[in-house]
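I opened my notebook to look up a few things in this structure. My notes are below.

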Amino acid sequence: MSHRLRFNVSIPLSRPDLPPLDALVPMLEDIWESGVLSNGGPYHQRFEQALREQLQVEHVNLFANATLGLIAALKALGLQGGEVVTTPYTFVATANALRWAGLTPVFADIDPHTLNLDPAAVRAAIGPRTVALLPVHTYGNPCNHGSMADLAGQHGLKLVYDAAPCFGVRAGGRSVLAQGDASVVSFHATKVFNTFEGAAVVCADARVSERLARLRNHGLDPRTAVEEPGLNAKMSEFNAALGLLQLERVAQAIECRREIDRRYRQALGGVSGVECLALPAGVELNHAYFPIFVGAGYPLGRDALYQRLQDHGVDARRYFHPLVCELPAYWRAPVRQDELPAARRRAAEVVCLPIHPALTQAQQAFVIDLIVRPHAAPAVRAGAPA
Ligand SMILES: *Cc1c(COP(=O)(O)O)cnc(C)c1O
């Protein structure tokens, strides 16, 4: 197909899992007939309710995307200026959302073993202007929620999780989205669970939930006049209908990812200078990403390995390099730990390998071979995507 030629990529990093188009058509016919396209219509209501049940949480608000969900969550918790301690080792949307909510990101270092915020670094970064913590469950690997909640409690801070990659992740038998004052999960095309674009904000408090529902709809309230300026961040009926179908598929998609993760670990676990992320205990992961860290013991540098993969049509990515605090938009943001040594080291070592349900065993074997035999010509040719 033409887009494959245009992008010239044989093995993509991710490929969206979609239901058969036939399953969506009756829903679209229904939407066409009803004329209800947005503004909390019947599919929106059904999808929100289905998520409440699936996640076993009381308050879920759908959003157009996670970036708007984060902005609205920060606003709904009453934050109006001040500093928010967050991670530099993330997608830029985390910090962008803070800026759009009128807050100042303060970057603290990560734990090199989990890639999540290091509680000691967070404690050191909390100052008199700090109003909240915004940790990210990096790669869907849950943060140490106990430590984050303790720090927030001790210092009177709000705790908001950027849980964008976390659909399906459970810790201690519960969805990680149930943690903190609010958690925001993305349904973007590149995530484990997608509605093309979309997101949900999960929160603990009924009043915060009501405020979120107003903020995503221009600040409108059926009972009163507009009391604060809202956004238009609503999810459309199309995205909600797709979400209902995707809910039936996601467990199978995660199962495929788990199997790919297992094969990568088996093949790469013993390669000198290549480190895989440790599997945390008591956690059901969704295997959204498969990062490896290329150290001194490997015959090639990280960038040389990255280039080797690219040259052979494997679209691996250096997520998250550069760090957010290294992007020009954030050069002036405060960094309390001058060096951020762990984040800088991991950003210099990381390569995320392709992982998605359509990745074939042959494609995965090709990727693995490029890594395991860094100087050999590729053993097989990359096939077209499945
Ligand atoms: C994908 C992602 C986002 C942005 O989600 P959108 O729904 O695309 O706005 C934010 N933070 C992290 C960590 C992400 O991975």
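These entries cover a ligand, a helix and a single residue.

**Entry 1: the ligand.** I began by noting that the model is predicted. Which residues come nearest to the ligand? I found 15 residues around the ligand, and A66, T67, D162, S186 and K191 come nearest. Next I looked up polar atoms close to the ligand's oxygen atoms. A polar backbone atom of A66 is 2.8 Å from an oxygen atom of the ligand. For T67, the partner is an N or O atom in the side chain, 2.6 Å from a ligand oxygen. S186 also uses a polar side-chain atom, which lies 2.7 Å from an oxygen atom of the ligand. I then checked the cover. On its own, the ligand has 390 Å² of accessible area, and the protein covers 93% of that.

**Entry 2: helix α12.** I turned to residues 341–349, which form α12. Which of its residues are buried? I listed A342, A343, R346, A347 and E349. Looking down the axis, I saw these buried residues fall within an arc of 165 degrees, so they line one face of the helix. The general rule helps me here. An α-helix has 3.6 residues a turn, so residues three or four places apart point the same way. What covers the buried residues of α12? The cover includes strands β10 (274–276), β12 (290–294) and β13 (350–353), along with helix α11 (302–311).

**Entry 3: Q246.** I located Q246 in helix α9, residues 237–247. Is Q246 buried or exposed? Its relative accessible area is 3%, so Q246 is buried. I left aside neighbours within four places in sequence and looked for contacts. Q246 touches D17, L18, P19, F193 and N194.

How values were computed: Residues are numbered from 1 along each chain as its sequence is written. This is a predicted model: local features need pLDDT of at least 70, side-chain atom pairs count only at pLDDT 80 or more; totals for chains, interfaces and linings use all residues. Side-chain values use heavy atoms; hydrogens and water are left out. Buried means under 20% relative accessible area, exposed over 50%, partly exposed in between (1.4 Å probe, protein chains only). Helices (H or I, at least four residues) and strands (E, at least two) are DSSP runs, numbered from the N terminus. The arc is that of the directions from the helix axis to the C-beta atoms. Contact means heavy atoms within 4.5 Å. A residue is near a molecule or strand if one of its heavy atoms lies within 4 Å of it. A polar contact is a pair of N or O atoms within 3.5 Å; within protein, one must be able to donate a hydrogen and the other to accept it, and residues adjacent in sequence count only if both atoms are side-chain atoms. Accessible areas come from the Shrake-Rupley method with a 1.4 Å probe; for residues, only the protein chains shown count as cover.
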